[in-house]
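Colleague: I am new to this structure and should like to understand the terms applied to it. May I put some questions to you?

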Amino acid sequence: MDFTFTDEQELLRDAVAGFLGARYELAKSRGAAKSDAGWQSSMWRGFAQELGILGATLPERVDGMGGGPVELMIITEELGRALVVEPYVDTVVVGAGLLNRTGGERADSILRQIVSGAARTAFAALEPSSGQTLHDVSTTARRDGDAWVLDGVKTVVTSAPLATHLLISARTAGDRRDRDGISLFLTEFDAADLPAGVEVHSYRTIDDRVGSDITFTGFRLPADALLGAEGAAWDAIDATADEAIAAIASEAVGCMRKVLADTVEYAKQRQQFGQPIGSFQVLQHRMVDMFIELEQAIAAVYLAVYSLGAAAPDRARAVSAAKVTIGRAARFIGQNAVQLHGAMGMTEELAIGHYFKRLTAIEYEFGSSDQHLARYAALTRP
C-alpha cells in the first residue's frame with residue numbers, strides 16, 4: 001500500500017502546520033482555556049476563513065472540499081501537535097458526521113454553517129450508567145402531538161459550553177442496551193440561555209477542554225428535530241464514533257511527536273555530571289523505546305484511517321486496534337517524557353505536562369483500551 005501523500009495533501013499539511021506554528025501559542029491557548037470563554041473564537045474564524053479546514057473533509061454539496069480520511073488524518077495530527085483545544089473533532093468529525101449520515105435539508109443547512117464557522121456542535125450521548133457504551137441509552141423520547149418530549153441525563157458532553165447546536169441520542173423503542181430503537185435529535189443550544197426542561201452543569205476537563213452534564217425533564221422539541229428515520233440512528237452513530245476515534249488517534253500521534261521531540265531536545269541540553277543526560281546510554285535506550293512506540297502507533301493509525309471506508313466489522317477491528325495501540329503508546333511516551341524531564345515535567349510552565357494530560361484523556365475518550373481490546377476480540381472470534 002502506498003502511504004505517500006499527494007501534492008495537494010502535502011500543501012494541506014504545510015498550510016495547517018504553518019498557520020498553527022505562527023499563530024497558535026501554547027501559553028495563550030492555555031490562558032484562553034482557563035478563562036470564562038474556554039477557547040479562542042478568533043482561531044475558529046481562522047480555521048474557517050483562512051485555512052478552510054472546517055470544510056476540508058465535508059461534501060461539496062454543503063460547500064465543503066470533499067476531502068476524505070487522509071485529509072482528516074493530516075489535519076488532526078497537526079492540531080494535536082499544536083495541542084489545539086478548539087472543538088474540531090466534536091464539530092467537524094462527530095457533529096458533521098452524524099448530520100451527513102442522517103441527511104435532510106435541515107442537516108445540510110447546519111453543515112453549511114459548520115463550514116463557514118457559524119455553527120459548532122456537541123453530541124449528548126453518554127449517560128451516568130452507560131460508561132463509554134454509546135448504545136446504552138436510557139434517555140427517552142416520546143411523541144406528544146406534533147412534538148417530541150425528552151427525559152433523561154447526559155454526562156460529559158464535551159464542547160457543550162461552546163456549542164450552537166446539540167445532537168441528542170434518545171430511545172424511542174426497545175430496551176436500554178438495544179442498538180435498534182435509538183433516535184437522533186437536533187436542537188439549537190446556548191448554555192447561557194437554556195430553554196424550559198433543560199439543566200446544565202458545565203466544567204473544565206483535565207486536558208483544559210470544556211464539558212457539561214445535561215438533564216432533560218419534559219424537554220419539548222418540534223417534529224422536525226428528528227434526524228433520519230425513527231429508531232434507526234445506531235449505524236450513523238457507530239460509523240461516526242469510529243471516525244472520531246481515528247481522528248483523536250491521529251491527534252495523539254501529533255501530540256506524541258511533539259512530546260518525543262521536546263524530550264530529545266531537553267536531553268541534549270540538560271547537564272548532569274558535567275555532560276548532557278542524552279549522552280547516557282540508558283536514557284538513549286529509553287528514548288529509542290519511545291520512538292518505537294510512536295512508530296507502532298503511527299502504523300496503527302494509518303490502518304484505521306484507510307479502513308474507515310471498509311465494511312463495518314473490518315472498520316471496527318482496525319479502529320479498535322488503533323485505539324489500543326495509541327492508548328499503550330500514549331501512556332508509555334507520556335510517562336517517560338515526564339520522568340526524563342524530572343519534576344519540571346508536570347509544571348504548568350513546560351509544554352510536556354499539558355500534552356501528557358491530553359494524551360491521558362485520549363486514552364479513555366470513546367472507550368478505554370480494555371473496552372476496545374474486548375471489542376476487537378469479539379470481532380475476531382470465529
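Modeller: Certainly; please note that the model is predicted. A cavity is a set of grid points where a 1.4 Å probe fits but cannot get out. The structure holds one cavity of 30 Å³ or more.

Colleague: What makes the largest cavity count towards that cut-off of 30 Å³ or more?

Modeller: About 40 Å³ of space lies in the largest cavity, and the cut-off is 30 Å³ or more.

Colleague: Which residues line the largest cavity, and why is Thr240 called polar?

Modeller: The lining consists of Val94, Leu98, Phe123, Leu134, Ile237, Thr240, Ala241 and Phe366. Thr is absent from both the nonpolar and the charged lists, so Thr240 counts as polar. The division is therefore seven nonpolar, one polar and no charged. Helix H5 (88-102) and H7 each give two or more residues to this lining, and H7 provides the largest share, three residues.

Colleague: Why is the space of about 630 Å³ called a pocket rather than a cavity?

Modeller: A pocket is an open set of points, whereas from a cavity the probe cannot get out. The largest pocket, of about 630 Å³, is therefore an open set. Its lining has 36 residues, and Asp90, Val156, Thr158, Glu365 and Phe366 are the closest to its centre. By class, the lining holds 21 nonpolar, seven polar and eight charged residues. Among the elements that supply at least two of its residues are H5, strand E3 (147-158) and H7.

Colleague: What is known of the second largest pocket?

Modeller: Its volume is about 490 Å³. Of its 19 lining residues, His135, Arg179, Trp234, Asp238 and Arg375 lie nearest the centre. H7 and helix H11 (369-380) each supply at least two residues of this lining.

Colleague: What makes a residue such as Leu20 a member of a nonpolar core?

Modeller: Members are buried residues of listed types, Leu among them, joined through side-chain atoms within 4.5 Å. Leu20 belongs to the largest such core, of 100 residues, so Leu20 is buried. Together with Phe47, Tyr88, Leu99, Ile114, Met256 and Ile326, Leu20 touches the most other members. Helix H7 (residues 234-269) contributes the largest share of this core, 17 residues.

Colleague: How do you know that Ile114 is in contact with Leu54?

Modeller: Contact requires heavy atoms within 4.5 Å. Leaving aside neighbours within four places in sequence, the residues in contact with Ile114 include Leu54, Leu58, Val92 and Leu99, so each has a heavy atom within 4.5 Å of Ile114.

Definitions and conventions: Residues numbered from 1 in each chain as written. Predicted model: local features only at pLDDT ≥ 70, side-chain atom pairs only at ≥ 80, totals over all residues. Heavy atoms only, no water. Buried < 20%, exposed > 50% of the residue type's maximum accessible area, 1.4 Å probe, protein only. Helix = DSSP H or I, 4+ residues; strand = E, 2+ residues; numbered from the N terminus. 1 Å grid on protein atoms, 1.4 Å probe; cavity = no way out; pocket = protein on both sides within 12 Å on 5 of 7 lines; lining within 4 Å. Points joined across faces, edges and corners; volume = space filled by probe spheres on them.
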